[in-house]
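Me: I am new to this structure and would like a close look at a single part of it. Could you take me through one strand and its partners, and then show me what else is worth finding?

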Amino acid sequence: MQFHHHGYVSGDPRVEPAAGVGLNRPKDLPDEVDVLIVGSGPAGMLAAAQLSQFPGVTTRIVERRGGRLAIGQADGIQARSVETFQAFGFAERITAEAYRITEMAFWKPDRADPSRIVRTARTEDDPTGISEFPHLIVNQARVLDYFAEFMANSPARMAPDYGLEFRSLEVAGEGEYPVTVTLGHTTGPNEGEERTVRAKYVVGADGARSKVREAIGCTMAGDKANHAWGVMDVLAVTDFPDIRLKCAIQSVSGGSILLIPREGGHLFRMYVDLGEVRPDDAGAVRRTTIEEIIQKANAILHPYTLDVRSVAWHSVYEVGHRLTDRFDDVILAELGTRTPRVFITGDACHTHSAKAGQGMNVSMQDGFNIGWKLGHVLEGRSPESLLATYSAERQVVAKNLIDFDRQWSTLMAKRPEEFENPSELEDFYVRTAEFPAGFMTEYAPSMVVAEPKHQELATGFTIGKRFKSAPVVRVCDTNPVHLGHQAKADGRWRIYVFADEALPGTPSPVGDFAAWIATAPDSPLTATPEGADLDAWFDVKVIYQQDHPSIDINAVPEIFKPQVGPFGLNYLEKVFGVDPAEDIFELRGISRDGAVVVVRPDQYVANVLPLTATDELAAFFEPLLVR
């Protein structure tokens, strides 16, 4: 964590100095904003948290509720999300309070007595070491609390505007604030009254019944729900031995349960199979009582019993898989003729079952994707054309999610005798582990993802996939650290320079690269505004092939030790050597001739290049920068 570069900080270093719109942030929602986010769920809060790092951008987030969410419906936190939390500075704290999944147990009818269930398998949650981060269970409300804290401590000093619901919007063809949004007060002295806000951009994060989606004419398409589940968060006394393990439980009656232990040591969630929904049901299944759900759970768990003492929350839902035709307001006939002004995220554009634990996680990545792109455009770093990549990238991810969830929810609803292979369910869980962990996303080539022309130089950093961290040793203080964990969600591009075999101070390609990126007219760093720190837009780090005692930090090129803050202090924490126990060059298949790995602000690899390919690096960034 970098602080003291503007002077001595005696307080909490997580509280950044207020700047820009954060200096005199008005309490009431202004009439004109740069970005209006509708909905304070996971997608909306992450987008807002990212934009809070752009103090020159006026961002407001409105929520129809009168205050913070108290009980969230989502609870599964995949490893990719914890990796994201690391960038926002709260991975360690939320991990400490969460339930951690390390194994999953599978229960099926006893062959000797099918009326009884028995444990048939245990599987590791991450048997292949997909991530150094854990798989967690924690209430969605706590996730939103952490993002709210990050926003409040950021330079923009952002906070949700509660008690305002979205009514309608209109997009004009011209003007500085072309989107006019009508909002209604839901609480307080102005309850029932309407007001309008003009915005440059609107982000709809207002859930499955999104009014923003309706306003821009997006249509949801997909299969009709035909299977119902009762879900309950309960405190109970039970003799079921795996009550603190994630379990898939199948009974002879065909009913099944997905058991998810919750944080705090006692609470747990059960998704209880209520069976197929009849065509003439007319919503009757949604009126299933909590008593009926508990009774069904006890029947499935036989010979074990479940004595529910307290119900924190319960609901009934029908599984349906639906996806919008686009994630912004640009219709097919207008593609290429204008840039989008309105975007939708999360459940507003993709819905599916909750049993794969993907909804909140994928929604947050929607928010991360659009957040930094809006920040770059509004701050003048990038052209508006960047915004068209949001829908193109995230719609494909949502389609893949729905395809996966359709398979998983179908398997969960099967009767035991319908499986050709008795271990089919657990085999699928293990075989597809990388997808639910959040690491299968691979963006196609675009203006922010290069063609994999030089992928062989760093085979472990797949272009289009998230940057997979690895251990290194920081030279200045000899601390072993994870390279990827040093990247904060501050909106900057990362340029990781993996050196050739020469030590610093001797002629080498990495020395030539350092000279070019520091001084060449076509270097991306020359786009950095005058008066800003040299690393304000680009975080350039170097990783040498030697261990840290071999590296003379005074011989390292100055671009890797930039002067920052009003005192021009050298920032020495961008120079690394290898960890002898886990050489990053070996772990990530990096060429001993060196390589340049470019990583986007949302942690996805954008390009891999030779140290000598400065022309290609300049050409990659040229359309992304407004000089």
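Reply: Happy to help; here is a walk around strand β24, followed by some other places to visit.

A word on the model comes first. It is predicted, so to speak of local features a pLDDT of at least 70 is needed, side-chain atom pairs count only at pLDDT 80 or more, and totals for chains, interfaces and linings use all residues. Residues are numbered from 1 along each chain as its sequence is written, and side-chain values use heavy atoms, with hydrogens and water left out.

Strand β24 covers residues 538-543. The name comes from DSSP runs, numbered from the N terminus: helices are H or I runs of at least four residues, and strands are E runs of at least two. β24 is mostly covered, with 6 of its 6 residues buried. Buried here means under 20% relative accessible area, exposed means over 50%, and partly exposed lies in between, using a 1.4 Å probe and protein chains only.

It helps to look at the two faces of the strand in turn. In a regular strand the side chains alternate between the two faces of the sheet. On one side of β24 you find Phe538, Val540 and Val542, and on the other Asp539, Lys541 and Ile543; all of these are buried, and both faces are covered.

Now for the partners of β24. Strands of a sheet pair through backbone hydrogen bonds, either parallel or antiparallel. Two strands are said to pair if DSSP finds at least two bridges between them. One partner is strand β23 (residues 493-498), which pairs with β24 in the parallel sense over 6 bridges. Along this pairing, Ile495 stands opposite Val540 of β24. Another partner is strand β27 (residues 575-578), parallel to β24 over 2 bridges. There, Val542 faces Val575 of β27 as its opposite residue.

A helix belongs to this picture too. β23, helix α10 (residues 509-519) and β24 make a right-handed β-α-β unit. Right-handed means that, with the strands pointing away from the viewer, the path from the first strand over the helix to the second runs clockwise.

For a wider frame, UniProt lists residues 441-625 in an unreviewed entry as "domain: Phenol hydroxylase-like C-terminal dimerisation". UniProt positions are given in the numbering used here, feature names are shortened, and annotations may be inferred rather than shown by experiment. In the model, the end C-alpha atoms of residues 441-625 lie 25 Å apart, and the span is 12% helix and 20% strand. Gln603 sits in the loop between β28 (595-599) and β29 (605-609). Its phi is positive, about 80°, although Gln603 is not a glycine. With a relative accessible area of 12%, Gln603 is buried.

Strand β5 (residues 103-109) makes a good second stop. 6 of its 7 residues are buried, so β5 is largely enclosed by the rest of the structure. β5 pairs with strand β6 (residues 117-124) in the antiparallel sense over 7 bridges, and Pro109 stands opposite Ile117 in β6. With strand β14 (residues 246-250), β5 pairs in the parallel sense over 4 bridges; here Met104 stands opposite Lys246.

Another sheet to visit is an open one of 3 strands, in the order β3-β7-β4, with antiparallel pairing. β3 (76-77) and β4 (99-101) stand at its edges, each with a single partner strand, so one side of each is left without a neighbour in the sheet. β4 and strand β7 (residues 135-137) pair over 3 bridges, and His135 in β7 is the bridge partner of Ile101.

The loop between β6 and β7 holds Ser131. Ser131 counts as buried at 12% relative accessibility. Ser131 and Glu83 are 48 residues apart in sequence, and their C-alpha atoms are 8.7 Å apart in space.

Two backbone details round off the tour. A cis peptide bond, with omega about 20°, joins His302 and Pro303, and Pro303 lies in the loop between α6 (290-301) and β17 (306-318). Arg157, in the loop between α4 (140-153) and β8 (161-162), has a positive phi near 50° in a residue other than glycine. Arg157 is partly exposed, with a relative accessible area of 23%.
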